[in-house]
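Trainee: Can we go through how the labels for this one get assigned? I'd like to see the reasoning behind each.

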Amino acid sequence: MASKPRGMLYVGVTAYLAERVDQHRRDVGSAYCRRYGIKALVLAEPHDEIEYAIAREKALKAWQRAWKIELIESFNPDWEDLFDRIA
């Protein structure tokens, strides 16, 4: 998730993506997202097993910011909010 293109970023894992994004958009998600206005879903990666999703989340959190931006822009170059596509 992001606050704006190339703005503050948030990486998380959930089994209920649309519901979790909605929480962030209503400012009842994480305090970090609330503090920095992070409300746009800019990338989502589906995983069949929660263990893989958690491992990927941990890996992405360890990435450099530039790598995260490159990943987002490779799938979503205009930083569109993808929420309407999943809701």
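Trainee: What does Ser 30 touch, leaving out residues up to four places away in sequence?

Mentor: Tyr 10, Arg 20 and His 24. Keep in mind that this is a predicted model. A touch here means heavy atoms within 4.5 Å.

Trainee: And where does Ser 30 sit?

Mentor: In the loop that links helix H1 (17-25) to helix H2 (31-36).

Trainee: Why is Ser 30 called buried?

Mentor: Buried means under 20% relative accessible area. Ser 30 comes in at 16%, so the label fits.

Trainee: What makes the link between Ser 30 and Cys 33 a polar contact?

Mentor: The side chain of Ser 30 gets to the backbone nitrogen of Cys 33 at 3.0 Å. The cut-off is a pair of N or O atoms within 3.5 Å, so that distance passes.

Trainee: Zooming out, what is the fold made of?

Mentor: Five helices and zero strands, so to speak an α-α-α-α-α pattern along the sequence.

Trainee: How do you know that the radius of gyration agrees with a compact globule?

Mentor: For 87 residues, a compact globule would come out near 12 Å, and the protein has 12 Å, so the two agree. The C-alpha atoms fill a box of roughly 30 × 25 × 25 Å along the principal axes.

Trainee: How much of the protein counts as buried?

Mentor: 29% of the 87 residues. The accessible surface is about 5,900 Å², with 51% of that belonging to carbon and sulfur atoms.

Trainee: What about charge?

Mentor: There are 14 positive and 14 negative side chains, with the centres of the two sets 9 Å apart.

Terms used: Residues numbered from 1 in each chain as written. Predicted model: local features only at pLDDT ≥ 70, side-chain atom pairs only at ≥ 80, totals over all residues. Heavy atoms only, no water. Helix = DSSP H or I, 4+ residues; strand = E, 2+ residues; numbered from the N terminus. Rg over C-alpha atoms; globule rule 2.2 N^0.38 Å. Buried < 20%, exposed > 50% of the residue type's maximum accessible area, 1.4 Å probe, protein only. Areas by Shrake-Rupley, 256 points an atom, 1.4 Å probe, with all protein chains shown as cover. Lys, Arg positive; Asp, Glu negative; His and termini not counted. Charge placed at Lys NZ, Arg CZ, Asp CG, Glu CD. Polar contact = N/O pair within 3.5 Å; in protein donor to acceptor, adjacent residues only side chain to side chain.
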